[in-house]
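User: I'm new to this one, and I'd like to know how its labels are earned. Can you show it to me and take my questions?

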Amino acid sequence: NIVSAYPLNAIVLANNLLVGAVGASAEKNFVVKMAFRIMASVPPIFGAFFVKELGIITSYAGVLAIVTVLTFPSILYLESRAEMKRRGVFGPTYYDGWGSSIAGAYTVLVLSVVS
């Protein structure tokens with residue numbers, strides 16, 4: 001499963017990095033696209049030279065999943081709320097719901113840091 005999914009994940013990561021760093025217009029440039037694909041695919045290969053046990057890799061992946069799923073959205077919510085206040089935008093937005101609260105964001109943030 002890892003062998004079959006790795007090339008797809010590397011290509012998706014490379015495309016996301018490319019569009020985020022350079023812009024969508026650079027996707028047509030073959031040299032730039034290949035450079036980003038190499039940057040996305042080579043580091044895990046070098047990491048595999050040093051860490052041979054898959055259990056260690058999956059434990060790091062689990063920690064990164066917690067950070068990605070819990071920590072980043074909480075920080076993003078708090079920062080976007082602060083930016084709205086700086087711009088003078090007050091009140092609920094279209095995306096506000098039962099989970100949109102400062103207390104909830106801090107609770108999830110603390111739980112994600114503790115875990």
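Analyst: Here we go through some labels and the values behind them. This is a predicted model, where local features need pLDDT of at least 70, side-chain atom pairs count only at pLDDT 80 or more, and totals for chains, interfaces and linings use all residues. Residues are numbered from 1 along each chain as its sequence is written, and side-chain values use heavy atoms, with hydrogens and water left out.

User: Okay. Why is Ser112 called buried?

Analyst: Buried means under 20% relative accessible area, exposed means over 50%, and partly exposed is in between (1.4 Å probe, protein chains only). Ser112 has a relative accessibility of 6%, so it counts as buried. You'll find Ser112 in helix α4, residues 102–114; helices here are DSSP runs of H or I with at least four residues, strands are runs of E with at least two, and both are numbered from the N terminus.

User: What is Ser112 in contact with, leaving aside its neighbours within four places in sequence?

Analyst: Contact means heavy atoms within 4.5 Å. With those neighbours set aside, Ser112 is in contact with Ile66, Leu70 and Thr71. Thr71 belongs to helix α3, and its own contacts, counted the same way, are Ile66, Leu109 and Ser112. Thr71 is buried too, because its relative accessibility is 11%.

User: What makes the link from the side chain of Ser112 to the backbone oxygen of Leu109 a polar contact?

Analyst: A polar contact is a pair of N or O atoms within 3.5 Å; within protein, one must be able to donate a hydrogen and the other to accept it, and residues adjacent in sequence count only if both atoms are side-chain atoms. The Ser112 side chain reaches the Leu109 backbone oxygen at 2.8 Å, so the pair falls within that limit. There's another polar contact at the start of α2, where a side-chain oxygen of Asn29 comes to within 3.2 Å of the backbone nitrogen of Val31.

User: How do you know that the span of α2 agrees with what's expected?

Analyst: The expected span is 1.5 Å times one less than the number of residues. For the 21 residues of α2 that gives 30 Å, and the end C-alpha atoms are 31 Å apart, which agrees. The buried residues of this helix are Phe36, Ala40 and Ser41.

User: And Val32, why is that one called partly exposed?

Analyst: Val32 sits in helix α2. Its relative accessibility is 23%, so Val32 lands in the in-between class. Not counting residues up to four places away in sequence, Val32 touches Leu18 and Ala26.

User: What makes Glu83 and Arg86 a salt bridge?

Analyst: A salt bridge is a side-chain nitrogen of Lys or Arg within 4 Å of a carboxyl oxygen of Asp or Glu. The N to O distance between Glu83 and Arg86 is 2.8 Å, so the pair qualifies. The two are three residues apart in helix α3, which means about one helical turn separates them. An α-helix has 3.6 residues a turn, so residues three or four places apart point the same way.

User: Why are Glu83, Arg86 and Arg87 called a network?

Analyst: Arg87 and Glu83 also meet in a salt bridge, at 2.7 Å from N to O. Because Glu83 pairs with Arg86 and with Arg87, salt bridges link these residues in a network. By this rule the count comes to two salt bridges. Glu83 is partly exposed at 29%, whereas Arg86 at 57% and Arg87 at 66% are exposed.

User: What makes Ile57 fit the nonpolar surface patch?

Analyst: Patches are made of residues with over 30% relative accessible area and no salt bridge, joining like charges within 9 Å and nonpolar side chains (Val, Leu, Ile, Met, Phe, Trp, Tyr) within 5 Å. Ile57 has a relative accessible area of 39%, so it passes that area limit. The patch covers about 940 Å² and includes Phe46, Phe49, Ile57 and Tyr60. The elements giving two or more residues to the patch are α2 (30–50) and α3 (54–86), and Ile57 lies in α3. Accessible areas come from the Shrake-Rupley method with a 1.4 Å probe, and for residues only the protein chains shown count as cover.
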